[in-house]
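Reader: I've got a new structure open and don't quite know how to read it. Could you walk me through a few features?

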Amino acid sequence: MDDEMKETVMNQKIDLQETEIAGLSCKIALPPGYDASDQSYPVIYINGDIPLQEVIAETVRAGACRDFIMTAVIPGNWNDDFTPWGAPAIRKGEAPPKGQADQYIARLTEHIKPFMDSSYRTKPEPEHTTLLGYSLGGLAALYTVYQTELFGRAGCLSGSLWYDGFCEYMEQRRPAAESLKVYLSLGKKEPLTKNPRMAPVAVCTERAGKILTEQLGRKDVRFEWNEGGHFCDIAKRFGRAAAWLGEGKG
């Protein structure tokens, strides 16, 4: 795909639909020409209310074709739904996270994905099904692939891999999918946080990458450093992840 065609695709207005599934709000972006074709598409699921128009544009900018469905799943409570088990409060004044990721994953796998596969022309196989998340959403994405084989692609972006006991958990388990690809990324300034709980994020992310490489093989794991801190170029980071994990290149 040349630069002019990329620009055209990136500027196309997305067909955005909103619905509630299993008590969770979902935003669904269909590819151009969906209604006029009989083609089936891979699905990229995103943990959290991320601006899909921006993420899609950045995915195309990173080299992917615009031949996927993207679905953002909005949690009931970010700190509870995206944490695998309970832990002390992350920041002063906050409630301790309840660790309800298992319940969130159940809604994702037992209700949301089946709804998508029955209501839209999807490619339901794991190798065509991606789960991405940012921060605690990234932690939840990585935790999910240890719980179910339904997602054959996962992206953990600026993931909260400092979370209590998570790397130890990874060492004791193996991902559920037989053929899994994982993309990890982190901002170079993120380890400079003044929050002592989060400060080991680089050490933990590098450790997670090594664990995954041992479990999956080097070609199926990618770890990229990005410029900036935790809140820098979020859509761009999603786009790079989706493009690397995706099957189509422009």
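Reader: Which residues lie nearest the centre of the largest pocket?

Author: Keep in mind that this is a predicted model. The largest pocket has 18 lining residues, and those nearest its centre are Arg91, Ser135, Met198, His230 and Phe231. About 320 Å³ of space lies in that pocket. Sorted by class, its lining has seven nonpolar, eight polar and three charged residues.

Reader: What about Ser135: where is it found?

Author: Look in the loop between β5 (129-134) and α5 (136-144). Now for phi. Most residues other than glycine have a negative phi. Ser135 isn't a glycine, yet its phi is positive, about 60°. Its relative accessibility is 15%, so Ser135 counts as buried, the cut-off being under 20%.

Reader: Which phi does Asp233 have, positive or negative?

Author: Positive, at about 50°, and Asp233 is not a glycine either. You'll find Asp233 in the loop between β8 (221-226) and α8 (234-245). With a relative accessible area of 43%, Asp233 is partly exposed. Its C-alpha atom is separated by 11 Å from that of Leu186, although the two are 47 residues apart along the chain.

Reader: And helices? What should the 19 residues of α4 span?

Author: Count 1.5 Å a residue: helix α4 (residues 101-119) should then span 27 Å, and its end C-alpha atoms are 25 Å apart, so the two agree. There is a bend in α4 of about 35° at Leu108. Leu108 is also one of the buried residues of α4, which include Tyr104, Ile105 and Ile112.

Methods: Residues numbered from 1 in each chain as written. Predicted model: local features only at pLDDT ≥ 70, side-chain atom pairs only at ≥ 80, totals over all residues. Heavy atoms only, no water. 1 Å grid on protein atoms, 1.4 Å probe; cavity = no way out; pocket = protein on both sides within 12 Å on 5 of 7 lines; lining within 4 Å. Points joined across faces, edges and corners; volume = space filled by probe spheres on them. Nonpolar A, V, L, I, M, F, W, Y, C, P; charged D, E, K, R; others polar. Helix = DSSP H or I, 4+ residues; strand = E, 2+ residues; numbered from the N terminus. Expected span 1.5 Å × (residues − 1). Bend = angle between axes of the 7 residues up to and from the residue. Buried < 20%, exposed > 50% of the residue type's maximum accessible area, 1.4 Å probe, protein only.
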